[in-house]
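Welcome, and please open the structure in your viewer. We will go from stop to stop, selecting a few residues at a time and looking at what is there.

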Amino acid sequence: MLTTVYLGRAAGWLGLLLLLVLAAGLALVSAGMFDPPLNGTVWRERPLPLSTQTIPPESHTLVWLDEPLPDTDYSLRLTAVHQSGEPDAGYGLMVGSEGRSLAVLVSPLGYVTVRLGETAVVPWQPWPHVRTGMEPNEIWLNMGGVEGNGRAAVRINRELLWTGEVGVLAGQVGLVGESHGRRETAVVRWEKWEIGDSAD
């Protein structure tokens, strides 16, 4: 009888301890303790050439930003949202040039894709960390640095989606939009893009 009482108390204390550890872990995650490292030392917010972009039905749009990619390792963060119209659409960023590029797009339907040139290394597929509807999504791309030379890591809303070998991608950053619908246009709002590198 006494042993049963002691076991019950021990189980209660163990449960409380596990609850405290879980709460501490959630607090650390919320504070950004486990966010991916930045390639470089300086985050700089860069101007966007347009705040919204209209994507006609069954079309692909690409707007190159007027700034070359750094020669060193770098990180990019783009925040954008599907504002209205055709939900069967994608939006995101591209780095490199039209001849050799890496593109990351998300869809308001909860899908994501990663393309290296014409090859979809991550074909369009649902992913739980993509925010749907009119919720903003953050695309984070790390090039080199902790990933290693010639390698990239893609995160969506700070969650790791893909890492892989991409080689050297020279060129610029581009804003990509595409629509797979036949009737409605899609409207994307580009909210912010930042670059992290060791310049200046």
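Start with strand β13. Of its 12 residues, 9 are buried, so the rest of the structure largely encloses this strand. Keep in mind along the way that you are looking at a predicted model.

**Stop 1: the partners of β13**

Keep β13, which covers residues 186-197, on screen and add strand β4, residues 74-85. These two strands pair in the antiparallel sense, and 10 bridges join them. For one place where they meet, select Gly 85 and look across to Ala 186 in β13, which stands opposite.

Now add β2, residues 52-55. β2 also pairs with β13, again in the antiparallel sense, over 4 bridges. Which residue of β13 is the bridge partner of Gln 53? Select Val 188 and you have found it.

**Stop 2: the largest nonpolar core**

Next, select Val 95, Leu 102, Leu 141, Ile 156 and Trp 162. The largest nonpolar core has 37 residues, and these five touch the most other members. Strand β13 from the previous stop gives the most to this core, with 5 residues. In soluble globular proteins, nonpolar side chains tend to be buried together.

Zoom in on Leu 102 and show what surrounds it. Leaving aside neighbours within four places in sequence, its contacts include Leu 93, Val 95, Val 114, Leu 116, Leu 141, Met 143 and Trp 162. Arg 115 is in contact with Leu 102 as well.

**Stop 3: an open sheet**

Move on to a sheet of 6 strands and colour them in the order β3-β12-β5-β6-β7-β8. The sheet is open and its pairing is antiparallel. Which strands form the edges? They are β3 and β8, the latter at residues 119-126, and each pairs on one side only. Ignoring direction, neighbouring strands here are turned by 15° against each other on average.

At the β3 edge, select residues 60-68 for β3 and residues 172-179 for β12. This antiparallel pair has 6 bridges. Pro 68 is a good residue to click on, with Gln 172 of β12 standing opposite.

**Stop 4: Arg 46 and its neighbours**

Select Arg 46, which belongs to strand β1, residues 42-46. Is this residue buried, partly exposed or exposed? Arg 46 counts as partly exposed because its relative accessibility is 26%.

Show Glu 67, Trp 193 and Ile 195 too: Arg 46 touches these three, not counting residues up to four places away in sequence. With Glu 67, the side chains make a polar contact at 2.8 Å. Ile 195 lies 149 residues away from Arg 46 along the chain, yet their C-alpha atoms are separated by 7.3 Å.

**Stop 5: two loops with positive phi**

Most residues other than glycine have a negative phi. The last two selections go the other way.

First, select Glu 58 in the loop between β2 and β3. Its phi is positive, at about 50°, although the residue is not a glycine. With a relative accessible area of 53%, Glu 58 is exposed.

Then go to Arg 158, in the loop between β10 (151-156) and β11 (159-165). Here phi is near 75°, again a positive value in a residue other than glycine. Arg 158 is partly exposed, with a relative accessible area of 30%.

Key:
Residues numbered from 1 in each chain as written. Predicted model: local features only at pLDDT ≥ 70, side-chain atom pairs only at ≥ 80, totals over all residues. Heavy atoms only, no water. Buried < 20%, exposed > 50% of the residue type's maximum accessible area, 1.4 Å probe, protein only. Contact = heavy atoms within 4.5 Å. Polar contact = N/O pair within 3.5 Å; in protein donor to acceptor, adjacent residues only side chain to side chain. Core = buried A, V, L, I, M, F, W, Y, C linked by side-chain atoms within 4.5 Å. Pairing = 2+ DSSP bridges. Axes fitted to C-alpha atoms, helices over the stretch in contact; angles between N-to-C directions.
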